[in-house]
Amino acid sequence: QKRRWLPGCTSGDIVTAIMQDREGSYWIGTDGGGINRWRDSSFTTYGPRQGLLNEMVYSVSGSRGGGFWAGTNSGQIYRFKDGRFTQLVTDSHLAGTIIRALLEDSRGNLWIGSERQLYRYKSGMFVAYDRSRGLPGFAVRVVFEDRDGRIWVGTNGGGLSRIEGDRLVTYTTRDGLAADRVRAIVQDKDGSLWIGSYGGLSHFKDGVFQVYTTAQGLSNDFIRSLYLDDDGTLWIGTYGGGLNRLENGRITVYGTRDGLFSATAFQILDDDLGYLWLSCNTGVYRVSKQQLEQFSNGHVPSIASTSYSEADGMESRECNGGSPAGWKTDDGRLW
């Protein structure tokens, strides 16, 4: 395919050399303008033209009817479907608050975690969960539904709570939880839970917590995201310590000095094509799962990660760390 370079597309109008790398990027050498990189846009940005009037999005979570939900920093919640965003009419108590967590459960309830409390929404009705219902009075950071339909809520200082109908039980460090500032929850095949917090990783099985911290090999105790592979491998995204992997009790650390683009991972998504995609304050980056495996086994000395930012179609490289901070829809797109 022929490409024509136009004046203004590079930092210098006199092009002296062009080379295409293995990823399809073009590297363009200029006379006095340095070297430029050009590649096809990988990202499409959605905003007011598609109905998203507030562009500060913190949380992105799937919808059972297709599409997904998006929560903003001013209490607005949007549903994306058929290429458009439609705003949900929200409770006045949400106005001005950051929607940190979203989850649509198997019964069609939308759970909304805010800076003040937790809401359950369905068919135009809001139900608030706060101290009067037994929920700790802290900001909600993550909401998760297990395979038995129980709702788990992680708060910013109040620990981990479980909701079953009208019954609510809370676990804190007094019960063995690694820390009371909970950020991520996933469920293993055996029904046990993995809980990431600002204080380490907890494994909750048969009513008992097992804790993993830097003392057990984690690179950092500030955990922001968790992803459980089909083969049982747990990927742990930290805030400042890079990516960690836990498999068969063994922890492998992947940091920036090993080739990882960033020491932060707000979200971990699997594209089913052999790559993990992660988000951070300075963009989105991907790494090969095969290469991560090779590094873990000592077969390669480092890993390679590809980063994406404004040059790839993003309006801003700043990603937010809500829960979830990203979502893969059924068509394979990563949001």
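These are my notebook entries on aromatic pairs, one small sheet and several single residues in a predicted model.

**Entry 1: aromatic pairs**

I began with the rings and found a count of 25 aromatic pairs. I looked up one of them, Y46 with F80, and noted an edge-to-face arrangement, with 5.4 Å from centre to centre and 80° between the planes. I then asked where the two residues lie: Y46 is in the loop between β3 (35–38) and β4 (57–62), while F80 belongs to strand β6 (residues 77–81), so this pair ties together parts that are 34 residues apart in sequence. For accessibility I wrote down that Y46, at 23% relative accessibility, is partly exposed, whereas F80, with a relative accessible area of 9%, is buried.

The next pair I examined was F68 with F85, whose ring centres are 6.0 Å apart and whose planes stand at 75°, so I entered this pair as edge-to-face. It also links distant parts of the chain, since F68 sits in strand β5 (residues 68–72) and F85 in strand β7 (residues 84–88), 17 residues apart. I found F68 buried at 3% relative accessibility, and F85 buried at 8%.

I then checked how these rings are connected, and I recorded a cluster in which ring pairs link Y46, F68, Y78, F80, F85 and W335.

**Entry 2: charges over rings**

I looked for arginines placed over tyrosine rings and noted R183, whose charged end sits over the ring of Y198, 4.4 Å from the ring centre. I also noted R286, whose charged end sits over the ring of Y275 at 4.1 Å from the centre.

**Entry 3: C280**

I turned to C280, which I located in strand β25 (residues 275–280). Is C280 buried or exposed? I read a relative accessible area of 0%, so C280 is buried. Setting aside the neighbours within four places in sequence, I listed the contacts of C280 as F261, S262, T264, F266, Y285, R317, E318 and C319. I also took down the separation from R133, which is 147 residues away from C280 along the chain: the two C-alpha atoms are 35 Å apart.

**Entry 4: the sheet β1-β2-β3**

I followed an open sheet of 3 strands, which run in the order β1-β2-β3 with antiparallel pairing. I noted that β1 (15–20) and β3 stand at the edges with a single partner strand each, so one side of each has no neighbour in the sheet. Ignoring direction, I found that neighbouring strands here are turned by 20° against each other on average. Between strand β2 (residues 26–30) and β3 I recorded 4 bridges in the antiparallel sense, and I saw that I28 stands opposite N36 in β3.

**Entry 5: N320 and the cis peptide bond**

I placed N320 in the segment after β27 (305–308), and I entered N320 as buried, at 15% relative accessibility. What does the side chain of N320 reach? I found that the side chain of N320 reaches the backbone oxygen of V57 at 2.8 Å. Not counting residues up to four places away in sequence, I recorded that N320 touches M56, V57, Y58, F266 and A325. F266 is thus a residue I have now written down twice, as a contact of C280 and as a contact of N320.

P324 also has its place in the segment after β27, and I noted that the peptide bond joining S323 and P324 is cis, with omega at about -10°.

**Entry 6: positive phi values**

I closed with backbone angles in residues that are not glycine. I found D82 with a phi near 55°, a positive value in a residue other than glycine, and I located D82 in the loop between β6 and β7. At 73% relative accessibility, D82 is exposed. I also found N248 with a positive phi of about 55°, although N248 is not a glycine. I placed N248 in the loop between β22 (243–247) and β23 (250–254), and with a relative accessible area of 78%, I entered N248 as exposed.

Conventions. Residues are numbered from 1 along each chain as its sequence is written. This is a predicted model: local features need pLDDT of at least 70, side-chain atom pairs count only at pLDDT 80 or more; totals for chains, interfaces and linings use all residues. Side-chain values use heavy atoms; hydrogens and water are left out. Rings of Phe, Tyr and Trp (its six-membered ring) pair if their centres lie within 6.5 Å; planes under 30 degrees apart count as stacked, over 60 as edge-to-face and the rest as tilted. Buried means under 20% relative accessible area, exposed over 50%, partly exposed in between (1.4 Å probe, protein chains only). A charge sits over a ring if NZ of Lys or CZ of Arg is within 6 Å of the ring centre and within 35 degrees of the ring normal. Contact means heavy atoms within 4.5 Å. Two strands pair if DSSP finds at least two bridges between them. Axes are lines fitted to C-alpha atoms, for helices over the stretch in contact, and angles run from 0 to 180 degrees between N-to-C directions. A polar contact is a pair of N or O atoms within 3.5 Å; within protein, one must be able to donate a hydrogen and the other to accept it, and residues adjacent in sequence count only if both atoms are side-chain atoms.
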